[in-house]
Amino acid sequence: MTSTGANKSFTCPECDVHEGERVYVTVHVTNGAGLSETRTSDGMLLDVSHPVMGDVIDGSHIIGVDYNVVLEDWIISMSWFGVEDAESGVRSCSWAIENTNGVILFQKKITNNSIYEERNVFSDNQTYRDLHFIRNMTYYNVLTCSNKAKLQAVARSDGFRVEPIWPIPAVVRDGSVPGTDLVYLTNTKRRNVEKELAPDIPDLDVLETGIKYYVTIKATTSSGLSSMQHSDGCTVDSSPPLKTDVSVSHRVIDQGMQTIEISVSWDGVKDDESGISSSGYCLGTTAHTCGSGSIAAGASTFGTIGPFRPDSWAEYFVTVVVENGAGLRVMSSKKLVFDTSPPSKGAVIDGIDHDIDFMNSTSVLSIQWGGIEDEESDVASCSWSLIEQSASHDRSVFGNDTVVLTKAVEIKGNLTEANLSLIPGARYISEITCTNADGFSSMSSSDGVIVDVTAPNAGLVHDGSSLLLDVEYQSSTSLVETVWNPFHDQESGIVEYRWGLGNHS
């Protein structure tokens with residue numbers, strides 16, 4: 001035995017002991033009187049090895065599936081295949097959940113009586129949501145056990161994430177074009193769905209027109225988790241819009257250039273399933289075709305084409321294209337033929353039966369016209385316009401045309417218009433304008449009549465044959481001579497002179 005003096009403990013670095021051996025200590029104590037007493041400990045087992053830990057599995061699946069994702073509303077749980085310590089036995093165990101940074105979010109003591117390699121499920125009455133787990137972060141279930149020799153062993157799971165739903169639903173789009181969501185379906189026999197996770201799905205059979213259909217995709221993981229996602233739906237529309245009625249009219253823009261502008265409108269546009277998305281129109285030489293494209297009308301139901309110069313008697317077609325929301329089109333056409341040659345010009349005279357150049361009335365005017373015709377499309381209408389022209393200072397030129405009146409007339413005839421307010425000295429021209437059925441017109445005019453309501457200015461009249469001497473007496477009873485200065489009339493001039501002989505002045 002080794003003396004320790006009065007010390008109550010000792011250390012034996014030279015003692016040779018082996019793992020698994022039980023060591024006993026015997027203490028021999030002697031007092032000052034020389035009396036001694038010997039006591040021996042009950043022994044201690046030498047244990048230098050850590051506890052043996054079983055695997056830790058995330059989740060509490062009934063057959064031990066290891067979850068790499070758990071849902072927020074699940075109860076906190078894990079599965080563990082026990083612990084053992086053959087030498088000194090297991091003293092205590094604890095369960096913790098920590099993140100990749102070692103921050104512990106949950107911890108509790110658990111039983112140390114788990115049988116090694118036998119699955120045990122541990123849970124808590126809290127959910128993952130209660131502990132405010134962060135999405136897209138990895139967490140670990142950590143088991144720590146100590147043996148009675150105070151040696152520890154740690155077992156960690158391979159980690160898990162916390163998500164509100166799993167698998168995370170992908171976007172489900174109606175249609176088969178990647179990245180494009182189909183709003184309307186035109187085929188009732190097939191149904192194509194494109195989704196980001198699994199594009200290979202079967203086609204469906206007959207669908208009903210006008211019904212909106214939704215596609216639901218359910219995905220299940222190998223661990224049994226599942227989620228669903230829906231498309232926003234598409235409506236079946238296999239029919240184009242109702243055929244529309246096309247109305248077309250035109251107006252002549254330039255009579256000389258023979259250019260016209262066409263106005264087109266359409267009514268009755270309707271599509272009960274997908275509505276009208278756009279309209280357009282075009283002008284061509286073939287019906288139901290817009291080979292060079294159409295003029296977009298948007299939501300409008302009218303438009304214009306031109307100005308352009310049509311070929312006389314050539315066939316043109318105004319085509320209206322209406323498209324519904326499903327992309328189906330209906331085309332309606334209207335045939336057009338134009339007579340671009342105006343009616344022939346006729347004769348217009350001032351007065352009736354013969355042409356006059358002057359008149360002495362300021363309130364009544366007469367004209368006559370005829371010889372106007374259109375062999376192709378007939379004359380549709382004629383009008384009479386009375387044009388007033390003022391005279392220059394010396395009355396040699398007339399101008400400053402002013403329309404006094406315009407009224408509808410027949411293709412030929414005569415008329416007398418009363419209750420006028422004509423200006424003395426002005427010239428009045430009558431214009432007859434006749435238009436064919438397509439709006440092309442020609443104008444025939446008179447050469448004008450001048451209003452003159454004043455008598456000529458008289459010149460000096462002398463008896464005799466000389467303007468220098470007025471004869472007061474003569475002896476001849478068979479011969480009378482008279483001479484006079486010229487008379488003047490600025491409006492209509494002097495047409496004739498007449499003289500008479502009498503015995504009174």
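In the predicted model, Ala347 of strand 30 stands opposite Gly370 in strand 32. These two strands, strand 30 (347-350) and strand 32 (residues 365-370), run antiparallel and are joined by four bridges. Strand 30 has two faces that differ in their cover, since Val348 and Asp350 make up the covered face, whereas Ala347 and Ile349 lie on the uncovered one.

A further example of strand pairing is provided by an open sheet of three strands, arranged in the order 17-22-19 and mixed in its pairing. Strand 17 (184-185) and strand 19 (212-213) are the edge strands of this sheet, each pairing on one side only. Strand 19 pairs with strand 22 (residues 234-236) in the antiparallel sense, over two bridges, and Lys212 is found opposite Thr235 of strand 22. In general, the strands of a sheet pair through backbone hydrogen bonds, in either the parallel or the antiparallel sense.

Turning to the interior, the largest nonpolar core holds 29 residues, among which Trp80 and Trp95 touch the most other members. At least two residues of this core are supplied by each of strand 7 (69-71), strand 8 (75-80), strand 10 (90-99), strand 11 (104-110), strand 13 (139-147) and strand 14 (152-156). The greatest contribution is that of strand 10, which gives four residues. A second core, separate from this one, consists of 20 residues, including Trp384, Leu415, Leu420 and Ile432. Nonpolar side chains tend to be buried together in soluble globular proteins. At the surface, by contrast, Val480, Trp499 and Leu501 make a nonpolar patch of about 380 Å². Of these residues, Val480 lies in the loop between strand 39 (461-463) and strand 40 (482-484), and with a relative accessible area of 42% Val480 is partly exposed.

Across the whole structure, eleven aromatic pairs are found. The pair of Phe308 and Tyr316 is edge-to-face, because the ring planes meet at 70°, with the ring centres 5.9 Å apart; Phe308 and Tyr316 are both buried. Tyr316 also pairs with Phe338, the centres of the two rings being 6.0 Å apart and their planes at 50°, so that this pair is tilted. The pair of Tyr316 and Phe338 links distant parts of the chain, 22 residues apart, with Tyr316 in strand 28 (residues 315-324) and Phe338 in the loop between strand 29 (329-337) and strand 30. Like Tyr316, Phe338 is buried. Elsewhere, one aromatic cluster is formed by Tyr128, Phe133, Tyr139 and Phe160.

Among charged side chains, the count of salt bridges comes to eleven. One of them joins Arg39 and Glu37, with an N to O distance of 2.4 Å; Arg39 counts as exposed at 55% relative accessibility, while Glu37, at 44%, counts as partly exposed. Another salt bridge brings together Asp272 and Lys270 at 3.9 Å, N to O. Asp272 is exposed, with a relative accessibility of 62%, whereas Lys270 is partly exposed, at 43% relative accessible area. In the salt bridge between Glu323 and Arg329, the closest N and O atoms are 2.9 Å apart, and Arg329 is exposed, with 53% relative accessible area. Finally, Arg135, Arg161 and Glu163 are joined into one network by salt bridges that share partners.

Key. Residues are numbered from 1 along each chain as its sequence is written. This is a predicted model: local features need pLDDT of at least 70, side-chain atom pairs count only at pLDDT 80 or more; totals for chains, interfaces and linings use all residues. Side-chain values use heavy atoms; hydrogens and water are left out. Two strands pair if DSSP finds at least two bridges between them. Patches are made of residues with over 30% relative accessible area and no salt bridge: like charges are joined within 9 Å, nonpolar side chains (Val, Leu, Ile, Met, Phe, Trp, Tyr) within 5 Å. Accessible areas come from the Shrake-Rupley method with a 1.4 Å probe; for residues, only the protein chains shown count as cover. A salt bridge is a side-chain nitrogen of Lys or Arg within 4 Å of a carboxyl oxygen of Asp or Glu. Buried means under 20% relative accessible area, exposed over 50%, partly exposed in between (1.4 Å probe, protein chains only). A nonpolar core is a set of buried Ala, Val, Leu, Ile, Met, Phe, Trp, Tyr and Cys residues joined through side-chain atoms within 4.5 Å. Rings of Phe, Tyr and Trp (its six-membered ring) pair if their centres lie within 6.5 Å; planes under 30 degrees apart count as stacked, over 60 as edge-to-face and the rest as tilted.
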